[in-house]
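Visitor: I would like to take a close look at a single part of this model, the pairing of its aromatic rings. Could you walk me through that part carefully, and then set it within the chain as a whole?

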Amino acid sequence: MTLDPIHQFNINNIFTIGHIGRHTIAFTNSSVYMLLTVAVICLLAVLGMKGRQLVPGRFQSAAELSYVFVATMIRSTAGEDGMKFFALVYCIFMFILVANLISIIPYTFTVMSHIIVTASFALLVFFTVLIYGLYKNGLKFFRIFVPSGVPMYILPLVVAIEIISF
């Protein structure tokens, strides 16, 4: 372990899994910390649900609080129909929360600092919204980019802004 301030952002190979062409597939320190993040989330869930009590203990309170927080957030922003996506939102929320909590411990790896992790989550949510919107509304889904009441001469600019903000 090095003591330089940038080491928490370096990806180091732990062992090689295989090769595809000239590319090496390796198990890295990033993989270790992602697995650690998932293990902490699973541990919280298992300990939180073990021996459920009327007066909750620490782990049960933490598990219930995280569940209620995400459920309330989804209901207040997307309504009851948004609860279909509770599992996705809860998993992403907990992964980001726990990964960021682990990364503030000195000399640990910072998983969420890598653009591929955040881009993967962003693309997952983007394509989920796009596919579900097309499934639910068909091609009428694209009408969300054309607000009603906008004059024709400014419509191309507004549509471009709507597409970029989507």
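**The aromatic pairs and their surroundings**

Guide: When the whole structure is searched, 12 aromatic pairs are found. One of them is formed by F15 and F27, whose ring centres are 5.1 Å apart and whose planes meet at 20°, so this pair is stacked, since planes under 30 degrees apart count as stacked. F15 belongs to strand β1 (residues 13-20) and F27 to strand β2 (residues 23-28), so the pair ties together parts that are 12 residues apart in sequence. F15 has a relative accessibility of 45%, and because that value lies between the 20% limit for buried and the 50% limit for exposed, F15 counts as partly exposed. Elsewhere, ring pairs join Y67, F86 and Y90 into a cluster. Please keep in mind throughout that this is a predicted model, and that each value given here is computed from it.

To place the stacked pair in the chain, it helps to follow the order of the elements. The protein chain has 5 helices and 2 strands, and from the N terminus on these elements run β-β-α-α-α-α-α. Strand β2 covers residues 23-28, and helix α1 covers residues 29-49, with S30 among them. S30 has a relative accessible area of 9%, and because buried means under 20%, S30 is counted as buried. If we set aside residues up to four places away in sequence, S30 touches F109 and V111.

A second buried residue can be found further along, in helix α3 (residues 86-103), where I92 has its place. The relative accessible area of I92 is 13%, so I92 too falls under the 20% limit and is buried. Leaving aside neighbours within four places in sequence, I92 is in contact with F121, L124 and V125. For V125 we can also give the separation from I92 in two ways, because the two residues are 33 residues apart in sequence, while their C-alpha atoms are 9.5 Å apart in space.

Helix α5 (residues 155-165) offers a third example, since V158 lies there. V158 has a relative accessible area of 18%, which again is under 20%, and therefore V158 is buried. Not counting residues up to four places away in sequence, V158 touches P147 and V150. By contrast with these contacts, A71 is 87 residues from V158 along the chain, and the C-alpha atoms of the two are separated by 33 Å.

Finally, let us step back to the chain as a whole. Buried residues, such as the three just described, make up 25% of the 166 residues in the protein chain. The chain has a radius of gyration of 21 Å, whereas a compact globule of 166 residues would have one near 15 Å. Taken along the principal axes, the C-alpha atoms fill a box of roughly 60 × 55 × 30 Å. Of the contacts between residues at least 6 apart in sequence, 42% join residues at least 24 apart. The accessible surface of the chain comes to about 12000 Å², and 71% of this surface belongs to carbon and sulfur atoms. As for charge, the chain has 9 positive and 5 negative side chains, and the centres of these two sets lie 8 Å apart.

Conventions: Residues are numbered from 1 along each chain as its sequence is written. This is a predicted model: local features need pLDDT of at least 70, side-chain atom pairs count only at pLDDT 80 or more; totals for chains, interfaces and linings use all residues. Side-chain values use heavy atoms; hydrogens and water are left out. Helices (H or I, at least four residues) and strands (E, at least two) are DSSP runs, numbered from the N terminus. The radius of gyration is taken over C-alpha atoms; the globule rule is 2.2 Å times the number of residues to the power 0.38. Buried means under 20% relative accessible area, exposed over 50%, partly exposed in between (1.4 Å probe, protein chains only). Contact means heavy atoms within 4.5 Å. Accessible areas come from the Shrake-Rupley method with a 1.4 Å probe; for residues, only the protein chains shown count as cover. Lys and Arg count as positive and Asp and Glu as negative; His and the chain ends are not counted. The place of a charge is taken as NZ of Lys, CZ of Arg, CG of Asp or CD of Glu. Rings of Phe, Tyr and Trp (its six-membered ring) pair if their centres lie within 6.5 Å; planes under 30 degrees apart count as stacked, over 60 as edge-to-face and the rest as tilted.
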